[in-house]
Structures are given as C-alpha cells and as structure tokens.
Amino acid sequence: MPDRLKITDERTGLQYEAPIKDETIRAIDLRQIKTGEKDFGLLSYDPAFLNTASCRSAITYIDGDAGILRYRGFAIDELAERCSFLEVAWLLLNGELPTEQELTVWQSQVKRHTMLHETTKKFLEGFRYDAHPMGMLISTVAALSTVYPEARNIFDAKNRHLQIARLVAKMPTICAYCYRHHFGLPYIYPDNELSFTGNFMNMMWKMFEPKYVANPILERALDVLFILHADHEQNCSTNIMRGVGSAQTDPYLCVAAAASALAGALHGGANEEVLRMLEEIGTKDRIPSYIEAVKSGKYKLMGFGHRVYKNYDPRARIIKRTADQVFTVTGENHKIEIARELERIALEDDYFVQRKLYPNVDFYSGIIYEAMGFRPDLFTVLFAIPRVVGWLAQWEEMLLDPEQKIARPRQVYTGYGLRDIVPMHRRGKDADSPGQRDPQVAV
Ligand code: ACO
C-alpha cells in the first residue's frame, strides 16, 4: 500500500501528493496547493488542536479509546504499583528506569535542592494571607528565574539538569510554604532523612513533635497520586511549556507559564471544582436533579469527560483503589458516597454514554486530598508538584529536537481590509465605510 495521500484540488483540477508517515501528513505539504502564483498556499485550520500533532515524542503514550496510559513504554498501573515517584520522575526525564545507584544519586540530588533561598521565603511572606496558592506558586516559580539567572543557559546539558533537579525539589517546599502562610504557621525546613513525599508531608503538617512521621499508607497514597499526575503527553499546560520553551525562555519562566494553564478550571483546577460540586449536591437524593441540570446544559459534571480518553481514564481507576486505602486510615466521608453514586448514575445515563463521558483523574483525586487534610485550593498545586517532571521532560525533548523552532501558529484573518483613520471629531458620528470585510489570510 503506497504511503501517500493523493489530493485533487477541485478549484484548479490539479493533483498533489503528500507522504504519510506515522499515520500523519505534514501540514506544510498542503502549502504546495495553490490557485495561482500569488496564492500563499493551503493552510489547515484546527482551533484547539483537535487533530494536529505538534511534535514527535517518546515520553508518554495514550490510547484514549482503549483507556491506555504508558510512560516510556511502561503501563501506568505497573508503575503505580511497583515504583516510587522519584523513580518514575527519573524514568520520564531520562527514558529508562534508574539503576539502584542512579536512583540513590538522583534522590540525594533532589534532597540537596529542597531548600528555598531565604529571599524567596520573604517573597512568599509578601502575599496576603488569603492569596490563592496557585497564584503564589506561579509567581514564586517565576521569581526563581531571578535567583538562578544561569538557568537561561538552556543548551548546556549539565546546567539544564541542575535546574531540573532544583525545580523538582523545590515544588513541594513552595507548596508547603503557601499552605503555612495562609494559617500564619512557621515554615518548616525540609528534613532530608525523609522520602520525597514524607518530607512534603512534614513541611505541610509538622507541629510540635520533634520528628514528623507520616502515616505510611497516606505517604504511599500521595506518592501514587504523584506518579499518576507526572505526565500526560500534549495536554494544555504541556503545550504551553513547549510553546514558551520554544522561545528559549528559561525553565522557571516556562514552568510558571505551564502552571498558569494548569490553574484553569477545565484543566488542573477541575478537582477543586469537583469538591465544590459535591458540596453543592450535598446529599444523595439530590443527585438525579443535578444530573438533569447537567444534561440541560446548566452545569458541567466536573471530573467527567476528557479530550483524549473516550473510555475510563486509567488513572481514575487507580485513584479509586487508592481512595479505598486512604479511607481505611481517615474514615469515609459523605463526599465519597455522593461521588460513587454520581458516577454510578452517570455511567448508566444515555447522555454520558453517548458522549463517552467517563470519570477522569480529577473525579476522585480531590476527595482523597481532602480526606488527607489538604484544603481544596491546594489541589491544583498538588497536581503541579509531580507534573513539573512531565513539563521538564517534554521541554528538554523539545529543545533537543532539531525539527522544532519557535512555536508560531498561523491564523485565518477575519477582520477588515485596509481602512482609513477617521479624524477624532468624526468618530462615532458618521456611518463611515467599515472597509472591506472579506476574510484575508495574513502571512
Ligand atoms: N459534563 C457534561 N457534559 C459534558 C462534559 C461534562 N463534564 N464534558 C463534555 N460534555 C459534553 C459537551 O457539552 C459536549 O456535548 P454536545 O456534543 O452536546 O455539545 C460533548 O460532551 C463533547 O464535549 P467537548 O466539550 O467537545 O469535549 P472537549 O474534549 O472539548 O472537552 C473537557 C474536554 C474540557 C475535559 C470537558 O470534558 C470538560 O469540561 N470536563 C469537565 C472539566 C474536567 O473535569 N476537566 C479535567 C480534565 S482532566 C485534566 O485536565 C487533568
């Protein structure tokens, strides 16, 4: 079977060919399709990138119809079952699972960089007590760019890896400081004897005890949640990470930009919205009327639906299991009961079945986080802590890809043609000609 697409342009009767590789044609091959010498050539129009591959990537594989997620070829269930978060972070960043020695070095490297510069701590102190932690995280990560100006030297591999270790290590510290700032609690410095997750819990919750010891079930549950959130190929925030990174911006500013995308309610902000929704529903008997309101378009069922998964999100399945383990420690709360019932009813309802709307990663994660003692406004920050690994892996892959250039999409221009400036005294009075309205493609 020839691996090429034949296109006939019915405007001219001319025929063109575009090679097909990896089930993809190159959009630039459409440019040869012209009606004449002065024609710019055909563009593809794809708002929200529904059918556009922006890169070649060897990091994460998703089959949305089959509900498959793999990091570097390893099934997400197996990674969540058998690995630690830092092991998975190494895998995503380096392509292979670490050897024992590599893992030891990586763990101590991350531990070495958990501290924040005291001036950064002061920077955090400047926020109002009720500042949203995502705003604090984004601004603080951007501010780190001023602490480590050498980070802009992005083509030096050694320097790049140092900044990657710093970012992975400092995210939990920033998150914990945001939390303690809200309550006016003293900041807790990292304890390097603890695991990555145990240390994070220590910085969050240590009070008067001489040594904080995390509950091992909760510590492992958080580690699993971090594994599940570490990467998800070309999602909205990763696309931003690559887009900003393509301008050769330093990684701190890139991460701040990616985290800004994550903060949105349709992306990482969804688990916070799930909690609000469950709060609003309040009791199980109100679920049917809420579902009706969703179907009539009044609300969205938060934590349901996904651009890529048209099947059960594999992460949601693992999270549901993790929730059961967490509740053995914390006890069940009424929200999990409402969530389970909501899911049961939605999965039987034609509206959701026909649209292939299943629970996504955010549906249960917020409930677990809340049961563990995290406030809802911290949920997206908890997402950003592990996702920084995926962002950085994708950023580095983009930088080293010789095909990548500064990201710069085209547009279909739909505004005016050339117009004359109307003098101030006549503006808004005359029915001036609005100029021509024919869409033009500006190149
Ligand atoms: N509740 C009710 N209806 C929904 C939902 C939902 N959660 N999600 C999609 N639909 C409906 C749409 O209204 C649309 O219906 P229509 O065909 O009658 O117009 C149909 O399903 C297709 O939906 P789209 O909006 O085209 O799907 P898209 O791929 O653009 O959106 C998204 C994906 C943004 C995740 C969407 O499902 C959504 O808003 N979900 C709720 C928010 C959420 O949980 N986000 C977290 C995503 S996971 C993550 O970012 C980590």
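User: Which helices each supply at least two residues of the lining of the second largest pocket?

Analyst: Happy to walk through this predicted model. The second largest pocket holds about 240 Å³ of space, and 20 residues line it. The helices that each supply at least two residues of that lining are α2 (85-94), α3 (100-112), α6 (157-183), α7 (196-205) and α8 (216-228).

User: Which helix gives the most to the lining of the second largest pocket?

Analyst: Let's start from the centre of the pocket. The lining residues closest to it are Leu86, Leu194, Ser195, Phe196 and Thr197. With four residues, the helix that gives the most to the lining is α7.

User: How do the residues of that lining divide into nonpolar, polar and charged?

Analyst: Good one to ask next. The 20 lining residues fall into three classes, and the split is eight nonpolar, seven polar and five charged.

User: What is α6 to α10, oblique or roughly parallel?

Analyst: The axes of α6 and α10 (residues 251-262) come within 10 Å and cross at roughly 40 degrees. Angles under 35 degrees would count as roughly parallel. The crossing angle therefore makes the arrangement of α6 to α10 oblique.

User: Which residues make the contact of α6 with α10?

Analyst: Here α6 passes α10 in a right-handed crossing. By class, the contact has four nonpolar, one polar and one charged residues. From α6 come Gln163, Arg166 and Leu167, and from α10 come Pro251, Tyr252 and Val255.

Technical notes. Residues are numbered from 1 along each chain as its sequence is written. This is a predicted model: local features need pLDDT of at least 70, side-chain atom pairs count only at pLDDT 80 or more; totals for chains, interfaces and linings use all residues. Side-chain values use heavy atoms; hydrogens and water are left out. On a 1 Å grid over the protein atoms alone, a cavity is a set of points where a 1.4 Å probe fits but cannot get out, and a pocket is an open set with protein on both sides within 12 Å along at least five of seven lines; lining residues have an atom within 4 Å of a point. Grid points are joined across faces, edges and corners, and a volume is the space filled by probe spheres set on the points. Ala, Val, Leu, Ile, Met, Phe, Trp, Tyr, Cys and Pro count as nonpolar, Asp, Glu, Lys and Arg as charged, and the others, Gly among them, as polar. Axes are lines fitted to C-alpha atoms, for helices over the stretch in contact, and angles run from 0 to 180 degrees between N-to-C directions. Angles under 35 degrees count as roughly parallel, over 145 as roughly antiparallel, 65 to 115 as roughly perpendicular and the rest as oblique. A crossing is left-handed if the near helix is turned anticlockwise from the far one by less than a right angle, and right-handed if clockwise. Contact means heavy atoms within 4.5 Å.
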